[in-house]
Structure formats: C-alpha cells, structure tokens
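Please look over the fold below. The report after it covers helix packing and a ligand site.

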Amino acid sequence: MGSWQQLAALALALCAVSGGDSLPACNFPPSLWCSSWEIAVACQVEKHCPNLHRRPPAAPPVSVSLYYESLCPACRMFLVTQLFPTWLMLNDITNITLVPYGNAQEKNVSGQWQFKCQHGEAECLGNMIETCLMYHLKDVQQYFPVIFCMESGPAVSANLEACLQIYAPSAQLADIQACVKGDLGNKLMHHNAQLTDALDPPHNYVPWIVINEKHTQALQDQAQKALFMLVCKMYTGEKPDACNQGEAESKTSSLSLN
Ligand SMILES: *[C@@H]1O[C@H](CO)[C@@H](O)[C@H](O)[C@H]1NC(C)=O
Ligand SMILES: *[C@@H]1O[C@H](CO)[C@@H](O)[C@H](O)[C@H]1NC(C)=O
C-alpha cells in the first residue's frame, strides 16, 4: 500500500502548501490547472497545457460509478489511487458517479430514515458529508477534488474544512453542515440507499464498480488494477493523447501504481 500512502501524503502536502494568491476566477490549485479546458481558461494558462484540446469529445464518455463507504480502506484506496488520477488525466472522456452508502442499512423511524454503517457513526457522517458536498457543489469538477482530499487524509470528516478551503473556497461550510444535520441530508442518503438497493446484480462487497451501467467481475478486476487503461480501452472515440502516452509509459512500467 506504499503508493497509496505516498499519494495521500502528496495530497495533504498540496492541501497544506497551496496558497490563496491565484487569480480571482481561478479557484483551483496549480495541480488542477491543466485538468480541463474550462479550468485552464479560468486560470489563464491554456497555452501552457499541451494536452488540452478544445475539440468536443467525439463519443459518449465512459461512465464509472462507484458504490462505496467513506471509511472502507479498499474503497479509499480505489478512489485515491485509481479513480481520481484517472479522472484528472481523462477528464473529457470519463463520467464519474459517486454513491456513498455501500453496505449501510436504513430504517424508517416515524418518518425519518435512520442509517447504520459498516464502520460505525463516523462512516455515516463521512458518507453524509460527501453526499451533501455533491448536492451543494453540483459540478464534479468542484466536488471530486474535495472528496479526494478528504478520503486521502487520515481523518476523513475532520478534513472537510481544510479541503473546502483549498479546493472549493467559494463553497459555504454552513450550507453543507445544515444539509448534513437536516432533512435534506436524510432524504439524499435515502436516495443513495435506493440507488444501491437497485443495483443489478446486487452488490455483495465494496467498492462496487459499475462501468457503462454494467458490473461484472472482469470489469471490477480491471478497474481495480488499472482503471486508466480500462477507460482508454473502452472509449470508442478518438483516444486522447493521455491514453497514448499512458500506453507508452506502461510499457516501460513507469506508470505502475502498485
Ligand atoms: C453519466 O453516468 C450516469 C450514471 O451512470 C448516467 O445516468 C448519465 O447519463 C451519464 N452521463 C453521460 C453524459 O454520459
Ligand atoms: C415511514 O414511516 C411513516 C410513519 O411511521 C409513514 O407514514 C411513512 O409512509 C413511512 N415511509 C415509507 C417510505 O415507508
């Protein structure tokens, strides 16, 4: 698990180092400036991002849905070492859906849903915070870096405020806290439960990975081993440059995350 910890350390270092002296419209740390055309334009660095092309994607993106729990170690490892880096590099051709719930259970107690999580109350809180983040920040470009930052540090929920400050400084912490404690969060989590319970085939472990609406053991194994390669392989449009570079690098095994 060495590489996971390295990445986590890197993310924490990023959290700690990144300052607030960027351009007003550029609410992103330098590590994200070349991650999409929109961000590059906002940060006025598009000329310096050779891998970005304005041309619209020619084919539907590859959908990657992750059914997970905020404190499950294997979920965190997949999110931090596979899903987030793949999304950063293949932003334009990847459609990410995050459903934090996993093996939790719910019960209707006089009209309010009560949740029981595999790793206890702390996990329920982490799931709820991440669900409310997605609701309030709306755009995956905004919330995924925050969720990555939370999941890569040692104390998932306790990292919320620091991660928000770095990755989504315009978000209101109070809105997210109100959602977490109120009816809104309760309803959103019930929706996650419904999405999870509707899985076909039903999930029997986490992380549970669904690619283009399909789960098979083979897809799960490939995604956990090398999601980047899987997305490149499954994308039916013209492959982005990152795919060709990734392939070249994997041949010399310098992209190994293991
Ligand atoms: C993204 O994935 C979700 C869930 O699989 C799906 O409902 C949605 O239509 C997809 N969006 C695009 C643009 O492919
Ligand atoms: C939950 O329980 C309340 C009362 O206990 C009931 O009115 C409501 O219909 C129940 N909701 C569901 C979805 O079962």
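Two helix pairs come first, then the ligand.

This is a predicted model: local features need pLDDT of at least 70, side-chain atom pairs count only at pLDDT 80 or more, and totals for chains, interfaces and linings use all residues. Residues are numbered from 1 along each chain as written, ligands are numbered from 1 in the order written, and side-chain values use heavy atoms, without hydrogens and water.

**Helix pairs.** Helices are DSSP runs of H or I, at least four residues, numbered from the N terminus. Axes are lines fitted to C-alpha atoms over the stretch in contact, with angles from 0 to 180 degrees between N-to-C directions.

Helix α3 (residues 73-89) and helix α9 (residues 217-234) cross at roughly 5 degrees, their axes coming within 9 Å. They are therefore roughly parallel (under 35 degrees). In contact (heavy atoms within 4.5 Å) are residues including Phe78 and Leu83 of α3 and Leu227 and Phe228 of α9.

Helix α4 (residues 120-137) packs on helix α7 (residues 173-181) at about 125 degrees, axes 9 Å apart. That pair is therefore oblique, a class for angles outside under 35, over 145 and 65 to 115 degrees. Among the contact residues are Met128 and Ile129 of α4 and Ile176 and Val180 of α7.

**Ligand 1.** Pro61, Ser63, Ser65, Asn95, Thr97 and Glu213 surround ligand 1, each with a heavy atom within 4 Å. The table lists polar contacts (pairs of N or O atoms within 3.5 Å).

| Side chain (N or O atom) | Distance to an oxygen atom of ligand 1 |
|---|---|
| Ser63 | 3.4 Å |
| Asn95 | 2.4 Å |
| Glu213 | 2.6 Å |

Key
Helix = DSSP H or I, 4+ residues; strand = E, 2+ residues; numbered from the N terminus. Polar contact = N/O pair within 3.5 Å; in protein donor to acceptor, adjacent residues only side chain to side chain.
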